[in-house]
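Okay, thanks everyone for making it. I've got one structure to walk through today, so let me put it up and we'll go from there.

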Amino acid sequence: MKIAILPGDGIGTEIVAEAVKVLNVLDLKFEMETALVGGAAYEAHGHPLPESTLKLAKEADAVLFGAVGDWKYDTLDRPLRPEQAILGLRRHLGLFANFRPAICYEQLTHASSLKPELVAGLDILIIRELTGDVYFGQPRGRRTAVDGHFPGAEEAFDTMRYSRPEVERIAHVAFQTARKRNKRLTSVDKSNVLETFQFWKDIVTEVGKHYPDVALDHMYVDNAAMQLVKAPKKFDVIVTGNLFGDILSDEAAMLTGSIGMLPSASLNAGNQGLYEPSHGSAPDIAGKGIANPLATILSAAMMLRYSLNQAQAADRIESAVKAVLAQGLRTVDIHCDGNTKVGTRQMGDAVVTAITKTTIKS
Ligand code: IPM
Ligand code: MG
């Protein structure tokens, strides 16, 4: 089991270190190799996704990724910005299926900005198409008025585009996933305005004929954004395009109290995957030792389940996370009165201890 470890920028290094610590107590044999990515790679090699890092990722069974980005790179040319590393990995590895669960842990119900009764027991899954849409559509660019140079541009454009195979494959993934859950799927589009998403809707409907046991419904993205804060538990599995999925998954994450709790998986057709927390690099708290490592630790669990075929080990990590929450341990993002405030390392250590205890018991 070969894992490429790409911590990245900001809190990335701190949280990935905790996930690695957790993987190392599982009595499984991993081959782990670490490489630079994002701003850190730009500083060292002049590119956010150096050839050597991409090669390592391609050759691995799975990539454990931290986060990339920092405001200080905002003025760089777009191809050199840290975000291009994650977009490049998605494209080069063909990671078209992005799973973003939004689960509200029992002990964190109060941490949500919504009323507890709206989110208690929430367990929804957003499946975001990850290698198409306006993120990767061509042509894109700026047209200049006179002199052929920025910043004199008068117009900028990005092309929203999906091909039939792209929609079909994500639709199949979504129906198959819904089948394993509660057999309900909501496809989110903007077919009332956008041709691309009428096409999306038609194809999802067609694919749905192969899954008569799954109840499919369609919702416009603006309504979906509203329903997510009105009655989130009405959803089960949501499938949507790259841009809408980006936005809705952040919204759904916040329903659970903290984006610091949520893992994600991005898979290709061969089940090779990239696993990363749903949150970003949080440069404002980087280096302070206060970031919540649980999203990354839970991403490592998803990695064991989806790419490495180690469901039991994944269960152990997930139970350990529940155990530390039950003990009242909280990083600052999920802290409230009556709990014990802990830092990044202490949280990681507590998960390790909880895992070790389950080993003794079993
Ligand atoms: C995400 C992020 C990325 C995206 C950025 C960092 C390119 O927001 O993974 O949701 O927009 O996909
Ligand atoms: Mg995002």
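Let's start with helix H1, residues 12–23, and helix H10, residues 294–306: these two pack at an angle of about 45°, with their axes 8 Å apart. Just so nobody forgets, this is a predicted model. With that angle, H1 and H10 are therefore oblique to each other, and their crossing is right-handed.

So who's touching whom? On the H1 side you've got Ile-15, Val-16, Glu-18, Ala-19, Val-22 and Leu-23, and they meet Thr-296, Ile-297, Ala-300, Met-303 and Leu-304 in H10. Sort the residues of that H1 and H10 contact by class and you get 9 nonpolar, 1 polar and 1 charged.

Now stay on H10, and look at its other partner. What angle do the axes of H10 and H11 make where they cross? Roughly 160°, and the axes come within 7 Å; H11, by the way, is residues 311–326. An angle over 145° counts as roughly antiparallel, so that's what we call H10 and H11. The crossing of H10 and H11 is left-handed, while the one between H1 and H10 is right-handed.

The contact list here goes like this: from H10 it's Leu-294, Ile-297, Leu-298, Ala-301, Leu-304 and Arg-305, and from H11 it's Ala-311, Ala-313, Ala-314, Asp-315, Ile-317, Glu-318, Val-321 and Leu-325. By class, the contact of H10 with H11 comes out as 11 nonpolar, no polar and 3 charged residues. If you're following along on screen, click on Ile-297 and Leu-304: they meet H1, and they turn up in the contact with H11 too.

One more helix pair. H3, residues 51–59, packs with H4, residues 83–93, at about 45°, with the axes 11 Å apart. H3 and H4 are therefore oblique to each other, and the crossing is right-handed. Leu-54, Ala-57 and Lys-58 are the H3 residues here, meeting Leu-89, His-92 and Leu-93 in H4. That contact of H3 with H4 divides into 4 nonpolar, 1 polar and 1 charged.

Right, on to the ligand, which I suspect is what some of you came for. Which residues surround ligand 1? They're Glu-83, Arg-90, Arg-100, Arg-128, Tyr-135 and Asp-246. Let me give you the polar distances. Arg-128 has a polar side-chain atom 2.7 Å from an oxygen atom of ligand 1. For Arg-100, a side-chain N or O atom sits 2.8 Å from a ligand oxygen. And for Asp-246, the distance from a side-chain N or O atom to an oxygen of the ligand is 2.9 Å.

Last stop is some backbone. Most residues other than glycine have a negative phi, and most peptide bonds are trans. So where do we find the exceptions here? Go to the loop between strand E5, 123–129, and strand E6, 141–144, where Pro-139 is found. The peptide bond from Gln-138 to Pro-139 is cis, with omega near 0°. Asp-133 is in the loop between E5 and E6 as well, and its phi is near 70°, a positive value in a residue other than glycine.

Okay, that's my tour. Shout if you want me to go back to anything.

Methods:
Residues numbered from 1 in each chain as written. Chains lettered and ligands numbered in written order. Predicted model: local features only at pLDDT ≥ 70, side-chain atom pairs only at ≥ 80, totals over all residues. Heavy atoms only, no water. Axes fitted to C-alpha atoms, helices over the stretch in contact; angles between N-to-C directions. Helix = DSSP H or I, 4+ residues; strand = E, 2+ residues; numbered from the N terminus. Parallel < 35°, antiparallel > 145°, perpendicular 65-115°, else oblique. Left-handed = near helix turned anticlockwise from the far one by under 90°. Contact = heavy atoms within 4.5 Å. Nonpolar A, V, L, I, M, F, W, Y, C, P; charged D, E, K, R; others polar. Near = heavy atom within 4 Å. Polar contact = N/O pair within 3.5 Å; in protein donor to acceptor, adjacent residues only side chain to side chain.
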